Protein chains: 2
Amino acid sequence: MIRTKQRELIKNAIMESTTHPTADELFQEIRIKLPTISLATVYRNLNMLASDGVIRKIQMPDMPDRFDWRIAVHDHLYCEKCGKVFDFTLPEALDEQIEQVSGMKVKQYSLVARGICNDCMQHEQN
Amino acid sequence: MIRTKQRELIKNAIMESTTHPTADELFQEIRIKLPTISLATVYRNLNMLASDGVIRKIQMPDMPDRFDWRIAVHDHLYCEKCGKVFDFTLPEALDEQIEQVSGMKVKQYSLVARGICNDCMQHEQN
DNA sequence: ATTAAGAATGATAATCTTTATTATGTGAAG
DNA sequence: CTTCACATAATAAAGATTATCATTCTTAAT
């Protein structure tokens, strides 16, 4: 993995992100600094970084993949009101439980919740 | 939701399935009995049945949606070797835990694991 | 500095799954 | 039987991601 300015910009953009940006959001952001960058390059690098364990790819149904610099095990909650994605961490990882219950070897799992976040709950007028 | 033979066939096909078929797999199967059926109809009806709670839609990253007649809460494990999808059920649902940890209102969640199933473990030659 | 070789890029085509569109057909209530 | 809302078939379109490939960079060695 050689060093290129594209990869550098992509990595920095994620590392500085507070949301969980999609490939396209990162593309739009980086484009301002480096207008010649291609969306394919963004995807390519995000996947490389993810498979190197530098960043994490979050895959949720019905929405584009998102990327996260927080590589420690944690899960995600999508707010159906505001569309934001929040992190949460269960007291203990589920790998073992799943193995016990299923009798299979678990390599990884993804836990994604949908609901309403705190902010949106408070602003609700029902 | 009026009664049509297409809907009937789709529902039956799922109810009799032992795997967790995709829309296209169901389409190919039903096509034999009713060659004029359209893939769009299969999708439309599967989504209707799912939102009516008659069947369940299973969404996993990197593969097409699958459908399941088992509507009771349960989770899924995808075997990376043979490609089959297995069911499992944790001792208790996670909604509450997630709510406590995240402080949000959880409407639903999806837990999908990847790994190696029992059969494939035993046939492995490593 | 030069160069050679591998690796990454940009541009775009292609893929895959799913939904939208629209004209046509059909079930069931009167 | 007629009517009309709803469903269907056929296909176009969308949306996200990956593949392709000619071109351009990086890097390490000369």
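This passage goes through the fold of chain A, the nonpolar core and the surface near DNA strand C in a predicted model.

Chain A first. Its secondary structure comes to 5 helices and 5 strands. Read from the N terminus, the elements go α-α-α-β-β-β-β-α-β-α, so to speak a helical opening followed by a run of strands. The C-alpha trace spans about 50 × 45 × 25 Å along its principal axes. Of the 126 residues in chain A, 41% are buried. As for contacts between residues at least 6 apart in the sequence of chain A, 45% of them link residues at least 24 apart. The area that chain A exposes is about 7,300 Å², with 49% of it supplied by carbon and sulfur atoms.

Next, the inside. The largest nonpolar core has 28 residues, and it draws on both chains: β3 (75-79) and β5 (105-116) of chain A, along with β3 (75-79) and β5 (105-116) of chain B, each put in at least two residues. The residues with the most contacts inside this core are Leu94, Ile98 and Leu111 of chain A and Leu94, Ile98 and Leu111 of chain B. Leu111(A) makes a handy example. Leaving aside residues up to four places away in sequence, Leu111(A) touches Asp75(A), His76(A), Phe88(A), Leu90(A) and Leu94(A) in chain A. Across in chain B, Leu111(A) touches Leu94(B), Ile98(B), Tyr109(B), Ser110(B) and Leu111(B).

That leaves the DNA. There are 20 residues around DNA strand C, and the ones that come nearest are Thr4(A), Gln6(A), Thr41(A), Tyr43(B) and Asp65(B). On the DNA side, sugar and phosphate make up 75% of the strand C atoms that come within 4 Å of the protein. Sorted by class, the surface near DNA strand C has 9 nonpolar, 7 polar and 4 charged residues. Three helices each supply at least two residues of this surface, namely α1 (5-15) and α3 (39-51) of chain A and α3 (39-51) of chain B. Of the elements, α3(A) gives the most, with 5 residues.

A few polar contacts fill in the detail. Gln6(A), one of the residues that come nearest to DNA strand C, has a polar side-chain atom 3.0 Å from a sugar or linking oxygen of the strand. The phosphates are approached from both chains: a polar backbone atom of Ser38(A) is 3.2 Å from a phosphate oxygen of DNA strand C, while a side-chain N or O atom of Asn47(B) is 3.0 Å from a phosphate oxygen of DNA strand C.

Terms used. Residues numbered from 1 in each chain as written. Chains lettered and ligands numbered in written order. Predicted model: local features only at pLDDT ≥ 70, side-chain atom pairs only at ≥ 80, totals over all residues. Heavy atoms only, no water. Near = heavy atom within 4 Å. Polar contact = N/O pair within 3.5 Å; in protein donor to acceptor, adjacent residues only side chain to side chain. Helix = DSSP H or I, 4+ residues; strand = E, 2+ residues; numbered from the N terminus. Nonpolar A, V, L, I, M, F, W, Y, C, P; charged D, E, K, R; others polar. Core = buried A, V, L, I, M, F, W, Y, C linked by side-chain atoms within 4.5 Å. Buried < 20%, exposed > 50% of the residue type's maximum accessible area, 1.4 Å probe, protein only. Contact = heavy atoms within 4.5 Å. Areas by Shrake-Rupley, 256 points an atom, 1.4 Å probe, with all protein chains shown as cover.
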